Amino acid sequence: MELKDSKIIITGAGSGFGKAMALSFANLGAKIAGLDINQEALEELKNQNRDINIYLCDVTNHIKIDEIFQLIFLEFGGSNILINNAGIMKNSPLVNFLQRNERRHSIEMWNEVIDVNLNSVFYTTRTFVDLMLKNRCKGAIINISSIAANGNIGQTAYSASKAAVEAMTKVWAKELGTFGIRSVAIAPGFIDTSGTHNAMEEKMLNKWIEKTPLRRIGKIYEIVSATQFAIENDFLNGEVININGALTI
Amino acid sequence: MKKINNILIKTFKLSSEEVEKNLRMNDVSNWDSITHMDLIVNIENELEVQLSGDEIADMITFDNIRSIVSKHIY
């Protein structure tokens, strides 16, 4: 599939990987629908490229997703790529010895992470594929996973959500392949984004760098280029592309 | 006391001079809820003591750790 001919929906397009993909793919000629929960971030994205269409959307709201996806298909005359990028990272041990009363992992945090990282991918993709089939579109679903899908200490909810996203990627590859719809996951390791720096102290990040055979964290463009490869390679299906410098956790 | 300090050195990768101080959680960059679990396991296994939930939650400074663990081993 030629990227320049693609009509791409990106969730979480207001920052990080999503924003970098939106700007990069728009510059290469793709038509971009950028979704985000943050209006200011969306306006900033629009200011950087007026050709990008922006949509305020909470991806945990399946009713809103249905409305916006139908609107995008109407405005774009269809769509052939969905990039499920929106996500949050929250850390907590299963039992926190430092808490005196309720030491167990909070159910609210569990539900929030599962809702944003996992349920949203289910909500967007079921609607996207339904619209694709109605419009006889072929294309691909790209899910942004994480190295944490292998199980990372202190990330019960986050790791579970990403492992489930990888499982759905493989299900959809088999289920939708006959319709010409591919499904691929990109699993970044530690990447140089504001989210990474906000989530951990520099000393902790340096420890992960020491454990990485390439002795560095990844660059955003390395995730963007992997995503571009996943879009353009029409025989790639059901795979998880790990971009982590050979780090294992 | 030396045994406790050795566990602090091993758990938090600090020097012997640093563990002599009364450092708090915020002073030690890798002391979080996960390394706190390592600390408790190291203390209980190496000193053959059993700490209560309240004691574990109170162990948020080096002096507190030394004081609480000392009660079990001396």
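# Notebook: helices, sheet and chain contact

I began with A:S161, whose place is in helix α5 of chain A, and I kept in mind throughout that this is a predicted model. With 27 C-beta neighbours inside 10 Å, A:S161 counts as buried, because the cut-off for that class is 20 or more. I then looked up what A:S161 touches, not counting residues up to four places away in sequence, and found A:V113, A:I114, A:N117 and A:L118. For A:V113 I also noted the spacing: A:S161 and A:V113 are 48 residues apart in sequence, yet 7.3 Å apart in space, C-alpha to C-alpha.

**The pair α4(A) and α5(A).** That led me to the two helices themselves, and I found that α4(A) and helix α5 (residues 156-176) of chain A pack with their axes 9 Å apart, at an angle of about 15°. Angles under 35 degrees count as roughly parallel, and α4(A) and α5(A) are therefore placed in that class. I entered the crossing of α4(A) past α5(A) as right-handed. On the α4(A) side the contact includes A:M109, A:W110, A:V121 and A:V129, while on the α5(A) side I picked out, among others, A:Y158, A:K162, A:M168 and A:W172. Sorted by class, the residues of this contact are 14 nonpolar, three polar and one charged.

**The sheet of chain A.** Next I traced the strands, and I found seven of them in an open sheet of chain A, with parallel pairing and the order β3-β2-β1-β4-β5-β6-β7. Which strands stand at the edges? They are β3 (53-56) and β7 (240-243) of chain A, each of which has a single partner strand, so one side of each is left without a neighbour in the sheet. From one strand to the next, I noted a twist that averages 15°. I looked more carefully at strand β1 (residues 7-11) and strand β4 (residues 81-84) of chain A, which run parallel and are joined by three bridges. Within this pair I located A:I8, which stands opposite A:I81 in β4(A).

**Helices on the sheet.** I then asked which strands α1(A) touches as it packs on the sheet. My list for α1(A) holds β1, β2 (31-36), β4 and β5 (139-144) of chain A, and the direction of α1(A) makes about 165° with that of β1(A). Helix α4 (residues 107-134) of chain A, already met as the partner of α5(A), lies across β1, β4, β5 and β6 (181-188) of chain A and runs at about 180° to β4(A).

**The pair α1(A) and α8(A).** I followed α1(A) to another helix, and found that the axes of helix α1 (residues 16-27) and helix α8 (residues 220-232) of chain A come within 9 Å and cross at roughly 60°. The two helices α1(A) and α8(A) are therefore oblique to each other. Their contact is made by A:F17, A:A20, A:M21 and A:S24 of α1(A), together with A:I220, A:Y221, A:I223, A:V224 and A:T227 of α8(A). By class I recorded seven nonpolar, two polar and no charged residues.

I also looked up A:K19, which lies in helix α1 of chain A. Is A:K19 buried or exposed? A:K19 is buried, with 24 other C-beta atoms within 10 Å. Leaving aside neighbours within four places in sequence, A:K19 is in contact with A:A13, A:G14 and A:L45. The C-alpha atoms of A:K19 and A:N85 are separated by 9.8 Å, although these residues are 66 residues apart along the chain.

**Positive phi values.** In the loop between α7 (202-211) and α8 of chain A I came to A:R215, whose phi is near 55°, a positive value in a residue other than glycine. A:R215 is exposed, with 9 other C-beta atoms within 10 Å. In chain B I turned to B:K13, found in the loop between α1 (2-12) and α2 (16-20), and noted a positive phi of about 55° although B:K13 is not a glycine. B:K13 counts as partly exposed, with 13 C-beta neighbours inside 10 Å.

**Where the chains touch.** Last, I looked up the interface and found ten residues of chain B in contact with eleven residues of chain A. On the chain B side, the elements that give two or more residues are α3 (33-47) and α4 (53-58) of chain B, and α3(B) gives the most, with five residues. By class I entered five nonpolar, four polar and one charged residues for this side of chain B.

Terms used:
Residues are numbered from 1 along each chain as its sequence is written. Chains are lettered from A and ligands numbered from 1 in the order in which they are written. This is a predicted model: local features need pLDDT of at least 70, side-chain atom pairs count only at pLDDT 80 or more; totals for chains, interfaces and linings use all residues. Axes are lines fitted to C-alpha atoms, for helices over the stretch in contact, and angles run from 0 to 180 degrees between N-to-C directions. Helices (H or I, at least four residues) and strands (E, at least two) are DSSP runs, numbered from the N terminus. Angles under 35 degrees count as roughly parallel, over 145 as roughly antiparallel, 65 to 115 as roughly perpendicular and the rest as oblique. Two residues are in contact if their C-beta atoms, placed from the backbone, lie within 7 Å. Ala, Val, Leu, Ile, Met, Phe, Trp, Tyr, Cys and Pro count as nonpolar, Asp, Glu, Lys and Arg as charged, and the others, Gly among them, as polar. Two strands pair if DSSP finds at least two bridges between them. A residue is buried if 20 or more other C-beta atoms lie within 10 Å of its own, exposed if 12 or fewer, and partly exposed in between; C-beta atoms are placed from the backbone. A crossing is left-handed if the near helix is turned anticlockwise from the far one by less than a right angle, and right-handed if clockwise.
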